[in-house]
Amino acid sequence: MATGRTHRPATRSRGIPEATVARLPLYLRALTALSERSVPTVSSEELAAAAGVNSAKLRKDFSYLGSYGTRGVGYDVEYLVYQISRELGLTQDWPVVIVGIGNLGAALANYGGFASRGFRVAALIDADPAMAGKPVAGIPVQHTDDLEKIIEDNGVSIGVIATPAGAAQQVCDRLVAAGVTSILNFAPTVLSVPDGVDVRKVDLSIELQILAFHEQRKAGEEALPDGLSTAAAATDSADQGPDGDVPAVMPA
């Protein structure tokens, strides 16, 4: 079976936009649920609704894959599952290491979704000597002193960082130096990586802050007099931009 070291996903060479790549896992999740219910075909409207996008965007995304539904029939569910899985590189084995086996790292190690999507947790690594040898999710934890050898022995190209913020950059640097080219970062900090290394950041506190923003806005709308919208109130405020437009307030 191929490993992540010798194969890269085909999406870049085929010129699929990053926004489309980001939506492919949403389609795959919805399609997998349909497949588990033995649904043979699905319309673009039904699949778009299940994935949380509009049907025009879905059809455009699928056109990059060379996949077009049959009028009056829709898309073949099993074929799309295979096609998207192949495009995402999920038809091969991707060994993954998780660095930082605290509460979050242990939870990630126990997450069953990795194996079902083609990601094999090859090693768990932690800086605490007391953790060495302890099994988590049936895998013995190894010390960070052996990080480079672990990466080489397992042909790892994907690393997951679940360390405290202060240790994340150093761990990142060592992963990259050892040959890891893709990193999923759960540490609450921004990582600096060289060209050719991909980083995806997962920050639960940021997501909660964005939800808090929307909750505050909804509460503000409820408090306004009938017929007056927050947009109208903002237009009358002193915080307008130089051209009279209301400046964007959503975080980048």
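**Salt bridges, sheet and nonpolar cores**

Seven salt bridges are found when the whole structure is searched. The model is a predicted one, and three of these ion pairs are described below together with the elements that carry them.

In one salt bridge, the side chains of Asp61 and Arg23 come together at 2.7 Å, N to O. Asp61 belongs to helix α3 and Arg23 to helix α1, so this pair ties together parts that are 38 residues apart in sequence. Asp61 and Arg23 are both buried.

A salt bridge also joins the side chains of Arg120 and Asp93, with an N to O distance of 3.1 Å. Because Arg120 is located in strand β4 (residues 119-126) and Asp93 in the loop between α4 and β3, the contact links parts that are 27 residues apart in sequence. Arg120 is partly exposed, its relative accessible area being 36%. Asp93, by contrast, has a relative accessibility of 12% and counts as buried, since the cut-off for buried residues is under 20%.

The side chains of Glu148 and Arg174 form a further salt bridge, at 2.9 Å from N to O. Glu148 is part of helix α7 (residues 147-154) and Arg174 part of helix α8, so the pair connects parts that are 26 residues apart in sequence. Both partners count as partly exposed, Glu148 at 33% relative accessibility and Arg174 at 24%.

The strands were examined next. Seven of them make up an open sheet with mixed pairing, in the order β5-β6-β4-β3-β7-β8-β9. The edges are occupied by β5 (135-136) and β9 (198-201); each has a single partner strand, so one side of each is left without a neighbour in the sheet. Within the sheet, strands β3 (residues 94-99) and β7 (residues 158-161) run parallel and are joined by four bridges. Opposite Ile98 stands Val160, a residue of β7. Helix α8 (residues 165-177) packs on the sheet, where α8 touches β3, β7 and β8 (182-185). The direction of α8 makes about 170° with that of β7.

The largest nonpolar core contains 23 residues. Tyr27, Leu31, Val42, Leu47, Leu58, Phe62 and Ile84 are the residues with the most contacts inside this core. Two or more core residues are given by each of the helices α1 (18-36), α2 (44-51), α3 (55-64) and α4 (77-88). Helix α1 supplies the largest share, seven residues. When residues up to four places away in sequence are not counted, Leu31 touches Val42, Leu47, Val77, Leu80, Val81 and Ile84. Another core, of 20 residues, lies apart from this one and has Ile151, Cys172, Val180 and Ile183 among its members. In soluble globular proteins, nonpolar side chains tend to be buried together.

Two of the helices that contribute to the largest core, α2 and α3, also pack against each other. Their axes are 8 Å apart and make an angle of about 100°. Helices α2 and α3 are therefore roughly perpendicular to each other, as angles of 65 to 115 degrees are counted in that class. On the α2 side, the residues that meet α3 are Ser44, Glu45, Leu47 and Ala48. Their counterparts in α3 are Ser55, Leu58, Arg59 and Phe62. Of these residues, Leu47, Leu58 and Phe62 are among those with the most contacts inside the largest core.

Note on methods: Residues numbered from 1 in each chain as written. Predicted model: local features only at pLDDT ≥ 70, side-chain atom pairs only at ≥ 80, totals over all residues. Heavy atoms only, no water. Pairing = 2+ DSSP bridges. Contact = heavy atoms within 4.5 Å. Axes fitted to C-alpha atoms, helices over the stretch in contact; angles between N-to-C directions. Core = buried A, V, L, I, M, F, W, Y, C linked by side-chain atoms within 4.5 Å. Buried < 20%, exposed > 50% of the residue type's maximum accessible area, 1.4 Å probe, protein only. Salt bridge = Lys/Arg side-chain N within 4 Å of Asp/Glu carboxyl O. Parallel < 35°, antiparallel > 145°, perpendicular 65-115°, else oblique.
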